[in-house]
Amino acid sequence: MTTLDQLRQELGDRIDDDLRRVAENPRAAAALFPAAGRRYGREPLTGGWTADEAARALLLTEIDMAEISEIYRYGDTAEKLAVLKALPLLTIGEKGTPLLEDALRTNDTRLVAAALGPYAMNLSPEAWRQAVLKCVFMGVPLTSVHRLTERADPELRAMLRAFADERRAAGRDMPPDALALLDQLKEA
Amino acid sequence: MRIFDPHIHMTSRTTDDYQRMAEAGVRAVVEPAFWLGQPRTNSGSFTDYFDALIGWEPFRASQFGIRHHATIALNPKEANDPRCRPVLDLLPRYLAKDGVVAVGEIGYDSMTPAEDEVFAAQLALALDHDLPALVHTPHRDKARGTTRSLDVVKESGIDPGRVLLDHLNEVTVEPARDAGVWLGFSIYPDTKMSPERMVKILQTYGPERVLVNSAADWGRSDPLLTLRTAEAMLAAGFDADAVDRVLWRNPVEFYGQSKRLDLSEGPETGATFAGNSILRGGS
């Protein structure tokens with residue numbers, strides 16, 4: 001996994017002033033965080049991170065969980081996605097879990113997918129299974145789900161099975177990746 | 001034909017409307033924050049609404065290949081309710097967003113002292129955030145409301161070239177034109193302005209700085225009246241270039257002043273022009 005140090009290195013010292021401003025006054029993040037795309041660009045940087053996502057992750061390291069939650073609360077979709085992506089890199093333990101739960105309540109496929117990255121290890125088994133099923137329902141590729149086969153259990157298999165039965169009864173297709181997962185769980 | 005509807009309240013429209021708009025050639029919209037049928041009573045109602053304008057609506061629009069941007073403000077009618085005023089303090093958070101291309105709709109409803117204050121304060125926010133301003137002209141006492149709005153714009157120090165004065169008609173177009181602001185016309189089924197009247201205005205004043213919108217919302221309105229106006233222009237002898245200017249290039253130029261307009265197709269392309277990314281195939 002890409003580390004914060006790598007992101008900092010790739011982004012260079014151009015972010016130093018903004019990080020200092022936020023360290024001195026966390027409220028400055030309210031203006032700097034949304035402007036990251038305009039300030040740092042949106043081009044790919046390293047390891048699947050874009051420049052604005054990297055800048056946003058680094059800005060989050062300067063503020064506490066209450067402030068991170070505020071940034072998420074008032075974020076547009078790109079900002080929310082950047083927060084969700086940064087969660088596993090931050091030293092906040094499980095405290096960011098409510099943000100995942102918020103993302104999973106939306107109907108935006110990008111937010112739902114982003115909530116199922118490595119930080120989803122903090123979701124309860126019940127919430128995680130519902131989230132996986134929601135992906136299948138919304139057509140979000142299951143490759144978005146971190147450690148899917150490792151975490152999939154008989155209960156998830158039963159839920160997917162029932163969903164597949166419903167789809168078949170309606171003459172509708174089940175996404176191939178969900179069928180493949182069902183097959184895999186049967187063998188296990 | 002490519003259409004940019006520079007003023008439409010998609011929150012109040014169905015997904016079927018997005019489909020019909022896309023089929024009619026609408027590729028970009030700006031959704032100004034305004035009042036709903038039911039008055040709001042607290043700032044939280046506004047922030048949830050603003051969140052939809054920068055979150056859910058752009059997502060919904062993107063499914064039909066339509067680029068969605070917003071303008072954010074406390075509207076003049078609700079500026080009169082002291083319970084709504086605290087939202088002014090939250091506006092800077094939203095004015096910092098990539099998808100927010102102007103402060104608006106601001107202006108007058110009943111021309112009260114509270115409206116004076118909130119209008120001026122938000123023109124100052126436009127200057128602070130280096131954003132253009134979308135100014136609504138009142139439906140009642142419109143002529144006086146228009147000249148008074150132009151006075152407030154002048155006093156604020158904002159460049160009139162960064163102001164769009166909306167819902168104009170035959171009576172209010174001239175003072176607005178003389179003041180150097182952009183001229184917005186909302187085409188409605190039977191009230192504000194019709195496609196035929198719009199064509200006459202264009203014949204009289206030309207297409208310079210003119211924007212045409214449907215202002216479709218929760219009232220009797222039609223998101224395809226932009227297309228109907230384009231058709232009426234062609235029928236009256238305007239050429240395709242004049243239509244493209246009014247229905248695409250003028251709104252791109254006006255809102256492009258924000259340097260935040262993203263008209264790229266599909267995923268981010270990274271290509272930009274003056275800070276705005278441009279639809280493949282030219283602006």
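In this predicted model, B:Ile106 has B:Val135 as its bridge partner in strand β5 of chain B. That pair belongs to the contact between β5(B) and strand β4, residues 100-107 of chain B; the two strands run parallel and are joined by three bridges. Between them the chain passes through helix α5, residues 113-128 of chain B, and the resulting β-α-β crossover is right-handed.

Let me turn to the other neighbour of β5(B). Strand β6, residues 163-166 of chain B, pairs with β5(B) in the parallel sense, here over four bridges. Within this pairing, B:Ala133 has B:Val163 as its bridge partner in β6(B). The connection again forms a right-handed β-α-β unit, made of β5(B), helix α6, which covers residues 142-156 of chain B, and β6(B).

How do the side chains of β5(B) point? B:Ala133 and B:Val135 point one way from the strand, while B:Leu134 and B:His136 point the other way. Every one of these four residues is buried.

B:Ala133 deserves a closer look. Setting aside neighbours within four places in sequence, its contacts include B:Ala102, B:Val103, B:Gly104 and B:Ile106. Others among them are B:Leu123 and B:Ala126, together with B:Ile158, B:Arg162 and B:Val163.

Which residues have the most contacts inside the largest nonpolar core? They are B:Ala133, B:Val163, B:Leu164, B:Val103 and B:Ile72, in a core of 80 residues. The element that gives the most to this core is helix α10, residues 240-256 of chain B, with seven residues. A second core, separate from it, has 55 residues, including A:Val22, A:Leu99, A:Leu123 and A:Cys135.

I come now to the interface. Eleven residues of chain B are in contact with 13 residues of chain A. On the chain B side, four of these residues are nonpolar, three are polar and four are charged. For the complex, the predictor reports an ipTM of 0.92 and a pTM of 0.93.

Finally, a word on confidence. Chain B has a mean pLDDT of 93, with 94% of its residues at 70 or more. Two stretches of the chain call for caution. Residues 267-275 of chain B have a pLDDT below 50, and the model gives this stretch 14 contacts beyond near neighbours in sequence. Residues 277-283 of chain B also stay under 50, with 16 contacts beyond four places in sequence. Where pLDDT is low, predicted coordinates should not be read in detail.

Terms used: Residues are numbered from 1 along each chain as its sequence is written. Chains are lettered from A and ligands numbered from 1 in the order in which they are written. Two residues are in contact if their C-beta atoms, placed from the backbone, lie within 7 Å. Ala, Val, Leu, Ile, Met, Phe, Trp, Tyr, Cys and Pro count as nonpolar, Asp, Glu, Lys and Arg as charged, and the others, Gly among them, as polar. pLDDT is the predictor's confidence in each residue, from 0 to 100. A residue is buried if 20 or more other C-beta atoms lie within 10 Å of its own, exposed if 12 or fewer, and partly exposed in between; C-beta atoms are placed from the backbone. Two strands pair if DSSP finds at least two bridges between them. A crossover is right-handed if, with the strands pointing away from the viewer, the path from the first strand over the helix to the second runs clockwise. A nonpolar core is a set of buried Ala, Val, Leu, Ile, Met, Phe, Trp, Tyr and Cys residues joined through C-beta atoms within 7 Å.
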